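Could you take me on a walk through this structure, one selection at a time? I have it open in a viewer and would like to know what to click on next.

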2 protein chains.
Amino acid sequence: MSIESLRPALAPKSVAVIGASENPNKIGGRPVAYLARFGFGGKVYPINPRREEVQGFRTFPDLASLPEVPETTIVALPGDGAVSAVEECARRGVKVAVVMSSGFGETASEEGRAKERLMVEVARAHGMRLFGPNAQGLANFGTGAILSFSTMFIEEEPADGPVAMCSQSGAMSVVPYGLLRRRGIGVRHAHATGNDADVTVAELACAVAADPEVKLLLLYLESIPDPHHLAEAARIARERELPIVALKSGRTAAGQRAAQSHTGALATEDRVVDAFFAHHGIWRVNDVAGLVSAAELYLKGWRPEGRRLAVVSNSGATCVMAADAATSADLSLAPLSAATREALDRVLPSFATTTNPVDITAALLSNSRLFGEILPILARDAAVDALMVGLPVAGAGYDVDAFAEDAATFARKTGKPVVIAAPQPHVGARFKAVGLAVFELEAEAIAALGQFISHSELIERVRKASPPVAAAPTAEPTRGRVLNEAESLALIAARAIAVVPHRLCRSEAEARAAFSTLGPSVAVKGCSADVVHKSELGLVRLGLTDEGAVAAAWCCMEGILEARKARFDGVIVAAMAKGRHELMIGAHRDPVFGPVVVVGEGGKYVEALPDLKALLPPFGAEEVRRALAGLRMAPLFEGLRGEPPMDVPALAEAAVAVGRMMAEASPRILSLDLNPVLLGSAGEGYAVVDAVALVAEEEVTPRAAP
Amino acid sequence: MSIESLRPALAPKSVAVIGASENPNKIGGRPVAYLARFGFGGKVYPINPRREEVQGFRTFPDLASLPEVPETTIVALPGDGAVSAVEECARRGVKVAVVMSSGFGETASEEGRAKERLMVEVARAHGMRLFGPNAQGLANFGTGAILSFSTMFIEEEPADGPVAMCSQSGAMSVVPYGLLRRRGIGVRHAHATGNDADVTVAELACAVAADPEVKLLLLYLESIPDPHHLAEAARIARERELPIVALKSGRTAAGQRAAQSHTGALATEDRVVDAFFAHHGIWRVNDVAGLVSAAELYLKGWRPEGRRLAVVSNSGATCVMAADAATSADLSLAPLSAATREALDRVLPSFATTTNPVDITAALLSNSRLFGEILPILARDAAVDALMVGLPVAGAGYDVDAFAEDAATFARKTGKPVVIAAPQPHVGARFKAVGLAVFELEAEAIAALGQFISHSELIERVRKASPPVAAAPTAEPTRGRVLNEAESLALIAARAIAVVPHRLCRSEAEARAAFSTLGPSVAVKGCSADVVHKSELGLVRLGLTDEGAVAAAWCCMEGILEARKARFDGVIVAAMAKGRHELMIGAHRDPVFGPVVVVGEGGKYVEALPDLKALLPPFGAEEVRRALAGLRMAPLFEGLRGEPPMDVPALAEAAVAVGRMMAEASPRILSLDLNPVLLGSAGEGYAVVDAVALVAEEEVTPRAAP
């Protein structure tokens, strides 16, 4: 339904340009020129009451004068003219309006924002979809529907091809386009949606992902107000085996501040954004170079089977740097079989290296057949999952065409990914000419290969997990009630999460009794829903070993809380928990992404020295284990210096249970903080030692997880 | 002296090519062609007994037939021919031989290695300097002395200029050359020294650093067998304000293995390599792109005064990504003054942003004077230390020449660093034409700027510290004696390093007496020079609070050590040390770099979860504090969640004392491990709780620190 409503944006039968200009360098002139130039097959109606003709097209004074109601309009009038035009389009039954005019929601002006809301309301009232305002516009080189004023399509000649780019930003809809075009890669879609007041970039991405000609979908996002649309785009893409690579900027505090002044977007912790992308199989990159660096590899149709790389070069330095780069990309060097090494030995000069990386040395200058003899040997070795050929210097004296043909033969015969590093443009061009993916330097080639392989593995994992499609978000409660520690522990204990043995004691006598049950060594903690950081106030006493001390702690804590006018809910007497290391499991509701579970190292310094991973429910134990394996502290789980491994499976189950709790309707948990969770050795489990829950005051409609 | 001996390599009066070839694509043909082509002013003597003439030069049958003894020879004969040629050169008084022949020390063959040693011996016996063998050779475009067979000088037309490249690898001597030449930057030196059997790349770097025309020195290294030469090159460079940027490959385990099969180099922990470069003001990069990415910035003569960046772009997305990139490069965004913001407000359209980054929006398309009006306003703001202009899209409709002139005016008038990000080649070209440094993307521009500013600050710090010049290394003792814990603690306590109050007890009675002095709570540890990891064997008991328990521990530990047939040196009874966090100070002698001190987080998991920084003695407390500030755990030092700061100054003094100990002649400390060092709050100091020292068995000649 949503996708169908966007069809007239990507493949309109007719387009009217409201505010059409004779000058092709003006906003209202560019789309007219582009529609004429790039093979648009539908009708074009320039609207301009002051001219008979615009750029060779007959003009019309207004929408009413057109021979038909156009499916799609471009609105290129400034200010109130844009608002009136949108109203008229909606009333007359236009299906899609692309509003290029600026000065609305992207400004600090309340008046501009109100006008933007008005445009959206009138569009929705009449079933018209609206792009923008402040949209550079849409460009589909498959249909010739270039409803865009970007300068870039004059600068870099378009060619229809397998890549699509969807962006909020105008510049970022075309910078990757330019980088790809200069590499000779065809780009079908280059869309900039602007303020996303009605149609968002994520909703458009759903329609683009459904285009069967698209083989790689790139996204630039400054905010993700509608993760459910992006999740849907990812689902459509997964079904089509279409990879999505996304650049979400504002990954630092400074970047988020800049994005907020620009888009007014809500801030989300960056690790939640990471988790969202991973959850849906979208590969996140940090910058523009990363967005396009591996593009060619996605277009080869490879299905990588592993992470073991073979490297061949005529330079030892390239071999060393390739080994460094492989480690950085989390690839390993394929261990060559004895048969492979013997075969290499027969071919290579005695001073060359027959281990991987294979350094064939400058001997290549005198024997151009070396590549052709070595590559088939490597092709036969099952340990080789991918190949990098590095040719840092070639030219006069080298038979580069033969090398290129040899590498292409390897690629064709094995179907394994092959990347070439050749810094000299004319050398690289000859490898490109036989269809190979060429990079300037080994580090770039291997980083791109690593991304491609890791992303392929991620997509495969997500396909198996097939995360449920999210509903659109509903309102979330914002007011909540803090449960005290005893209530919080009871809440999780009821969901089979292991908590430390404890009693909430309302009197000194109960505390003494609890000691005799839970001793010989106990912790005593003041219990109050009004106090978050207990230890700073002297409300935590550990390792008490006699009843008198417990009784004294009871009195003392009652006094501390009374003095602070904080509620006194009693004291908790707890067994001194055993465990090897302090972990934490947290959960909260992100205003944009909904429920988020965070796992990682626990203790006092979680905020200052975070070693955490976020997960979006629903998730299984396997996903928790993978997240835990990505922590800095991960080596500890295996057991170091003779220690046994820790009980990671039990911890993972606890995190899964927390994920499930976040989906429960009652109580509606707004946040949950289990810290520390003392983790024991394998088989010993864990114990939650402290917990704070914040639950919604009113019951609210359950919301599906994204 | 050393530099003078290399003058004939860089500026020879005459060159003989032994094994000269008519074919300019052969190893013996290329140098002849290059000497003819690139303006060498000295004499060229091709030696080839089978030809009258080679490439238009008259040939000579042998060295003896030449009209003079050539200053420099190129040896391009294979195998034993090369060895004989070197012998004859040395005997006849040649000053420098560049041996291109391969099959010597770079192979696994003992015969080849022996021949290489022979060449070096005969050269040294006659005072001849030898490059190679296996050297691609030297190229100095300042003198036209191209004693190299690299293909690259055919591929990319040379131009003398301010950059020098010294490399062991042939490929890596010219790959950066090619990247720089394609950017229009002149390269004077492109040297590849091969096996470094006599002259090393670091020694050559000393001579190149002394060339007054060189403004940027780039190095590629796979091993650093002679850090004293590299330190000397760095000293020469600092005196000339010449920055050095180095790529040392083999930074990962896989890379080190590849380098070892290639160069046979000794492995050094990568953090020690980092520390060495930092100590001498050399900027270390991770890959080839990093070697050249900031090259242009070093050539502008800027003296950066701070790290506060202003960003101006016509794209909000560029602004956001620039803010992210600034954070990654450890730059901050300049906070603009109220006056600046008011002035911007008067110039910019209402929907543009007047905070930094300054987003001038697509309004630039209709008003090309915006840059020209904004940049002088930013130029007047003292908070701006550097400027990035991002122009992701321009072209038809934009007055790019005006933008370029405006940016150049800013650069000229302020003297502040300016970088341009312009992905369209023809747009970038117009900024280059007015002398500006242009990058494709904002992330690259800002990363390069960050490197340039950080490196400038590093050089300034090192100039102030002026590390002493190292002597050549002398033999280090390899056999040592482990001191037991008590001896180790005594060793450091004698150097005013604070150790935990303790007694070494030889009898149960002594242990009981120690408890009464050191209690009420003590640690008891078995003391034996034969045991390194005590806790695994049950030789550590903490928090004993009665005399009987101490006596029992004494007996038990004696039994444990006897059972293991380990020496029993008594037990240590120590006060339970207080302190906020476990740190460590370690020291060892790297076989290449000499004494190294390591500081960082202590405890049991130092190896598995390292959070450490290396320092090369001598160093001061300020350098230790800077190293500590770079640790992951650094936020803890400030005091978190209401805690007071920790006593970092005291810890720094302890590290300085350890650095001094490593320079002492007696005892000669081979390694020292202080872990844990319990650090207290400011003013409370620290206490070393455990220590192990390894000292040389024989006294050896003291070695100067590098």
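Here is a tour that goes from the whole assembly to single residues. Please keep in mind that this is a predicted model.

**Stop 1: the two chains together**

Colour chain A and chain B separately and look at how they are related. A rotation of 180°, with 0.1 Å of shift along its axis, places chain B on chain A with an RMSD of 0.1 Å. The two copies are thus related as by a two-fold rotation axis. To find that axis from the side of chain B, select Arg632(B): its C-alpha is the one in chain B nearest the axis, at 5.6 Å. Both copies use the same surface, since 99% of the contact residues of chain B recur in chain A.

**Stop 2: the interface**

Now select the residues where the chains meet. On one side there are 82 residues of chain B, in contact with 81 residues of chain A. Between them the two chains bury about 6,400 Å², and 63% of that is on carbon and sulfur atoms. Which three residues supply the most of the area that chain B buries against chain A? Show Leu609(B), Arg632(B) and Arg641(B): together they supply 12% of it, more than any other three residues. You have met Arg632(B) already, as the residue whose C-alpha is nearest the axis in chain B.

Next, look for polar links across the interface. There are 24 residue pairs in polar contact between chain B and chain A, counting pairs with both residues at pLDDT 80 or more. Several elements of chain B give two or more residues to the side that touches chain A, among them helix 6 (170-182), helix 13 (316-328) and helix 19 (442-465). Helix 13 of chain B is the one to highlight, because it gives the most to this side, with 10 residues. If you colour this side of chain B by class, you will find 41 nonpolar, 22 polar and 19 charged residues.

**Stop 3: a salt bridge between chains, and one within**

The interface of chain B and chain A holds 2 salt bridges. For one of them, select Glu643(A) and Lys604(B), whose closest N and O atoms are 3.0 Å apart. Keep Glu643(A) selected and add Arg580(A): these side chains also meet in a salt bridge, at 3.6 Å from N to O. This second pair links distant parts of chain A, 63 residues apart. Glu643(A) sits in the loop between helix 24 (634-638) and helix 25 (648-661), and Arg580(A) in the loop between strand 25 (571-575) and strand 26 (581-590). Is Glu643(A) buried or exposed? Glu643(A) is buried, with a relative accessible area of 14%, while Arg580(A) is partly exposed at 27%.

**Stop 4: more salt bridges**

Over all chains, the structure holds 76 salt bridges. Select Glu241(B) and Arg303(B), where the closest N and O atoms are 2.8 Å apart. Glu241(B) lies in the loop between helix 8 (227-239) and strand 13 (244-248) of chain B and Arg303(B) in the loop between helix 12 (295-298) and strand 15 (308-313), so the pair ties together parts that are 62 residues apart in sequence. Glu241(B) is partly exposed, at 45% relative accessible area, and Arg303(B) is exposed, at 59%.

Then move to Asp385(B) and Arg308(B), which form a salt bridge with N and O atoms 2.9 Å apart at the closest. Here Asp385(B) is buried, with a relative accessible area of 8%, whereas Arg308(B) is partly exposed at 31%.

For a network, switch to chain A and select Arg124(A), Arg129(A), Asp198(A) and Glu203(A), which are linked by salt bridges.

**Stop 5: two buried residues**

Find Glu156(B) in the loop between helix 5 and strand 10 (163-167) of chain B. Glu156(B) is buried, at 14% relative accessible area. Beyond its neighbours within four places in sequence, its contacts are Pro425(A) from the other chain and Tyr177(B), Gly178(B), Arg181(B) and Arg182(B).

End at His191(B), in strand 11 (residues 187-192) of chain B. Its relative accessibility is 0%, so His191(B) counts as buried. Show what surrounds it: leaving out residues up to four places away in sequence, His191(B) touches a set of residues including Leu10(B), Asn140(B), Met165(B), Cys166(B), Ser173(B) and Val208(B).

Definitions and conventions:
Residues are numbered from 1 along each chain as its sequence is written. Chains are lettered from A and ligands numbered from 1 in the order in which they are written. This is a predicted model: local features need pLDDT of at least 70, side-chain atom pairs count only at pLDDT 80 or more; totals for chains, interfaces and linings use all residues. Side-chain values use heavy atoms; hydrogens and water are left out. Contact means heavy atoms within 4.5 Å. Buried area is the accessible area (1.4 Å probe) that two parts lose on being put together, summed over both. A salt bridge is a side-chain nitrogen of Lys or Arg within 4 Å of a carboxyl oxygen of Asp or Glu. A polar contact is a pair of N or O atoms within 3.5 Å; within protein, one must be able to donate a hydrogen and the other to accept it, and residues adjacent in sequence count only if both atoms are side-chain atoms. Helices (H or I, at least four residues) and strands (E, at least two) are DSSP runs, numbered from the N terminus. Ala, Val, Leu, Ile, Met, Phe, Trp, Tyr, Cys and Pro count as nonpolar, Asp, Glu, Lys and Arg as charged, and the others, Gly among them, as polar. Buried means under 20% relative accessible area, exposed over 50%, partly exposed in between (1.4 Å probe, protein chains only). Copies are superposed by least squares on the C-alpha atoms of residues with pLDDT of at least 70 in both.
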